[in-house]
Amino acid sequence: MKKRYAFYGFRDEDYRAAETWLEGWKARGWELERVLAGCIAVFVPLSCPEMRYTVDLVPARRREESQEGWVERQAEYRQLCADAGWEQVGESGAQRIYKSIRGQNPVPLQTDPELEQARFQRQVVRPAVESTASVLVTVVLSTVLFFYAERRAVYWFELLLHPGELLALGMIGLGLLWQLYKLFHVCRYGWKLRRAQGEVLPRPSLRGARVRAWGDALWLPVLAAALLSTLWTGNLRTETPLDPAQLAEEGRPVVTAADLGGITRTDDIMWQEGSGLLSTVSFVQSRGLGGILYVERYDAATSALAGQVFRELEQKADQDETKAILCGRGEGTAIPVEVSGAEESVLYQYERGEYLILRRGKTVVRLMADLDFTDPALLATIVSQTKLGA
């Protein structure tokens, strides 16, 4: 026998829209045979033009009721439906899908609108509110615990350096918005039912119901793909020999220990990571006699983004782990500094060194060392070598 398959996927709150959908298939000459796995509707050619559909919510299990008692009560309810002229042809979630028994004039399963409204509130609205509240509480607590556990500075702009992680977080954020949208729809429809006041109950829009059905079906695969992308991309940070000439050729010039009066080394390494929005190169060098220089350059897609990087680095300077290792912990002392060629500059002095941050246009440069960054000649060299004044 010729059959057709279609995605069912209606959410419990859209069970009345499912009736409209099934009637649409009937108008095209198809009737529902069964529902596979609660989401795939199997249709066969229509055998009885007078056939009708109804979708009902299975009676909720009472808290004090045993599993056996609940199963028995469902069986009794199915028999009640059969006596009323309906046979069950499928189920999905809490929904039970019935079509009229051939040759019978079925009696509506729900004749009391107020009872149906109360059941909708109990079986759909309350679980939706509880589920959304649980998700939001979990996310909030996880975020709070993360920041409590992370004693080091957490820079939001670093998300732009890892596209895979940014995509995964974006998908989680969209998931929260999707959850809130579904809760909004459930509550709004529940409110419409209450406003009906015993009249003909409204039906959800079929188009909106299909959007919610497909949204739920596609959400988990898309989220899984986003999470897997973080594994495929991995950590995009690369480690290569330090090559200032190559960096200058790429338009990302840096200042080295040799430029600031230190020694020249050929075995220094640099770390690079980033995306089209933000990229960074950083390295640590010995200046000789125990002196250490740390240099990091950020190149952003826009000046506004570079400004955000500068502000975060400035605001969280005392918490920065790299700074703590090279310059010392505790609160830094702000030192007034004017840097010709830089649009923004800040300098902090710590127990073992100084911490300098400069910005011009789309570029941010930060340096840490036991050097006197208030020295005009030193600052001029930094600006010249990094092309901040260009």
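1. Helices and strands are taken here as DSSP runs, of at least four and at least two residues respectively, numbered from the N terminus. The structure under discussion is a predicted model.

2. Across residues 155-178 the chain is 67% helix and 0% strand, with the end C-alpha atoms 27 Å apart. This segment also appears in the unreviewed UniProt entry, which places a "transmembrane region" feature at residues 128-149 and 155-178.

3. The largest nonpolar core comprises 34 residues, and those with the most contacts inside it are Tyr-8, Trp-21, Leu-22, Leu-32, Phe-43 and Ile-97. At least two residues of this core come from each of helix H1 (15-27), strand E2 (30-36), strand E3 (40-45), strand E4 (53-57), helix H3 (113-149) and helix H4 (163-196). The greatest contribution is that of H1, which gives 6 residues.

4. Phe-43 merits separate mention. Neighbours within four places in sequence aside, Phe-43 contacts Trp-21, Leu-22, Trp-25, Trp-30 and Leu-32, among others. Its partners also include Lys-2, Lys-3, Arg-4, Ala-6, Glu-31 and Glu-33.

5. Apart from the core of 34 residues lies another core, of 27 residues, including Leu-367, Leu-371, Phe-373 and Leu-388.

6. Is Thr-256 buried or exposed? Thr-256 counts as buried because its relative accessibility is 8%, and buried means under 20%. Thr-256 is located in the loop between helix H6 (244-249) and strand E8 (269-274). Residues up to four places away in sequence not counted, Thr-256 touches Pro-244, Phe-283, Gln-285 and Leu-293.

Key: Residues are numbered from 1 along each chain as its sequence is written. This is a predicted model: local features need pLDDT of at least 70, side-chain atom pairs count only at pLDDT 80 or more; totals for chains, interfaces and linings use all residues. Side-chain values use heavy atoms; hydrogens and water are left out. Buried means under 20% relative accessible area, exposed over 50%, partly exposed in between (1.4 Å probe, protein chains only). Contact means heavy atoms within 4.5 Å. A nonpolar core is a set of buried Ala, Val, Leu, Ile, Met, Phe, Trp, Tyr and Cys residues joined through side-chain atoms within 4.5 Å. UniProt positions are given in the numbering used here, feature names are shortened, and annotations may be inferred rather than shown by experiment.
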